[in-house]
There are 2 protein chains.
Amino acid sequence: MSPSRQGDSRHGGKRSEPDDALWLLAAPGDPGASPARTGSRRRARQLSRDQIVATAIAVADAEGPEAVSMRRVARDLNVSAMSLYWHVASKDDLLVLMVDAVEGEIDIPSPSGDWRADVTRTARGYRQTLLRHGWMTSFIGHRRSLGPNELVHIEHSLAALDPLQLTIHDAFNVLMAVETYYLGFALREQQELMIERTREELSPAELRAVVSSGVERLRATNRYPHLTQLFEAERRLTRDERFEYGLARLLDGIEADLRRGATREVGG
Amino acid sequence: MSPSRQGDSRHGGKRSEPDDALWLLAAPGDPGASPARTGSRRRARQLSRDQIVATAIAVADAEGPEAVSMRRVARDLNVSAMSLYWHVASKDDLLVLMVDAVEGEIDIPSPSGDWRADVTRTARGYRQTLLRHGWMTSFIGHRRSLGPNELVHIEHSLAALDPLQLTIHDAFNVLMAVETYYLGFALREQQELMIERTREELSPAELRAVVSSGVERLRATNRYPHLTQLFEAERRLTRDERFEYGLARLLDGIEADLRRGATREVGG
DNA sequence: CCCTCCGATCGTACGGTGTAAGAGTTCCTA
DNA sequence: TAGGAACTCTTACACCGTACGATCGGAGGG
């Protein structure tokens, strides 16, 4: 019944992270000795945790999240599957590392003094990055701690809010609301893209048939007037427009609330 | 290389859905003949799609998303694994059906005339339901079509916006912004809950050690002033408070924008 | 120089997974 | 009574994560 506990340390591998990799609140993969420290001191061909993570990301980018398996990553590195376990505690750990690595790709504008512009820019960058790595939305739920790159992300985002002179909690509250929004958007967007991709595999004729028969049945029931109308209308808003609309409205609301005089006190 | 195509029909099973189950834009599981139509006309013990979905949901509720396997669900139904495939096209399909079934649990208030109250109520209901079925955030990405229950959800949500007299597109835009928010919140909330649960397995002493050593290292770097401050502060906002704050601000922004005179035209 | 040690890699094996193929069972209809 | 549709089961395959122990190769001590 009780599955294997999270391995504390085996083979006597070292525990220390590569120094400035700071993980908070829970341990990520721990078995790793620091990777290939002095170049070619040991074996010429030295496997490293970063290499593994990069390869796994490449696989996920190219063939989707379900293609990421230990054996597959190992094969791409010309290495046996079990070799990976020296550098990475488990597959779940690898996923966590992948997520944090991508989080490091997001470019973070340094605070300009215009908090709204900064936040908007960060949100767009986040969205672009998740769009570039569509698998992120499937793995992001595996995150069970704050990785070094997310720490940097949060720190910078909070710094961008400095001009507002909020308490740290109010600032965090604002930040979380915005992050919530763009995380949710990324999730929905990914779903939509998958549906679109599925539909692209149909011939135009098939597609038209499926859609119109669906809409037809929808209308026939007479119980979905709004939906019928929606599907019949010609132009739909693009995803970009929807992203910008919701983000702008959220920031509008936050801005107004702040102008109204500090964040509303919550009872307690 | 090319994996199995989605099975069109095998064994000559019927295709028709149970009549009012309306799926749009892509097919869900199709092999199912309609389940146990006339009670005990056939075998006394008749497996049905709904039973399978319910059992799968029960497994997920009790033991988490990773416990849901075809064999496991079959075992709980005292049936062989392959029997499920008569009623359900694949595991992915089962997941889609599970998601839609849960979506049907969300209670939908009938429009009261106060759109903001209605939307808020729906958002809370959605959050509560996703909280009750924590696995939803891991499966929701599998949705590749609009299930009957989500159709109802959208239809009702759009109806709630009627008093605003928007074009159907603008209404949809508003709705999507809100859904984006509470979907994102559910995702983050689930992450947080998993972290909390992980931490609950530690003794208070261990916990304090882990956290404070983390914060200590954080401070030591001198590069995370905001985060350090955040972790040292005593009171954190509850999740409820954060949920309500972001939702209210988003609705504030939408409201203000609408008052400003119809939704802003987007160039094109 | 060899020998020992240990970091790193590998081979094998176990118990799980999703599901294709087709045989077997049960019941309704002609 | 025969036929066939509706449904269930057995078997088998390829793949998965990973426990365990053998093995390899270079660094340090004698």
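**Exercise 1. Find what share of chain A is buried, and describe its fold.**

Solution. Buried residues account for 34% of the 268 residues in chain A. A residue is buried if 20 or more other C-beta atoms, placed from the backbone, lie within 10 Å of its own. The model is predicted: local features need pLDDT of at least 70, side-chain atom pairs count only at pLDDT 80 or more, and totals for chains, interfaces and linings use all residues. Residues are numbered from 1 along each chain as its sequence is written, while chains are lettered from A and ligands numbered from 1 in the order in which they are written.

Next, the elements. Chain A has 11 helices and 0 strands. Helices (H or I, at least four residues) and strands (E, at least two) are DSSP runs, numbered from the N terminus.

Then the contacts, meaning pairs whose C-beta atoms, placed from the backbone, lie within 7 Å. Take those in chain A between residues at least 6 apart in sequence: 64% join residues at least 24 apart.

**Exercise 2. Work out how chains A and B meet.**

Solution. Start with the counts. Chain B gives 58 residues to the contact, and chain A gives 58 residues. On the chain B side, H8(B) supplies the largest share, 18 residues. By class, that side has 30 nonpolar, 17 polar and 11 charged residues. Here Ala, Val, Leu, Ile, Met, Phe, Trp, Tyr, Cys and Pro are nonpolar, Asp, Glu, Lys and Arg are charged, and the others, Gly among them, are polar.

Now superpose the copies. A rotation of 180° with 0.0 Å of shift along its axis places chain B on chain A, with RMSD 0.1 Å. The fit is by least squares on C-alpha atoms of residues with pLDDT of at least 70 in both copies. This is the relation of a two-fold axis. Both copies use the same surface: 100% of the contact residues of chain B recur in chain A.

**Exercise 3. Check the length of H11(B) and place its buried residues.**

Solution. H11(B) has 21 residues, so at 1.5 Å a residue it should span 30 Å. The expected span is 1.5 Å times one less than the number of residues. Its end C-alpha atoms are 30 Å apart, which agrees.

Its buried residues include B:Phe243, B:Leu247 and B:Leu251. The buried residues of H11(B) pack against H8 and H11 of chain A, together with H5 and H8 of chain B. Just after H11(B), B:Gly261 takes a positive phi of about 105°.

Terms used:
Buried ≥ 20, exposed ≤ 12 C-beta atoms within 10 Å, placed from the backbone. Contact = placed C-beta atoms within 7 Å.
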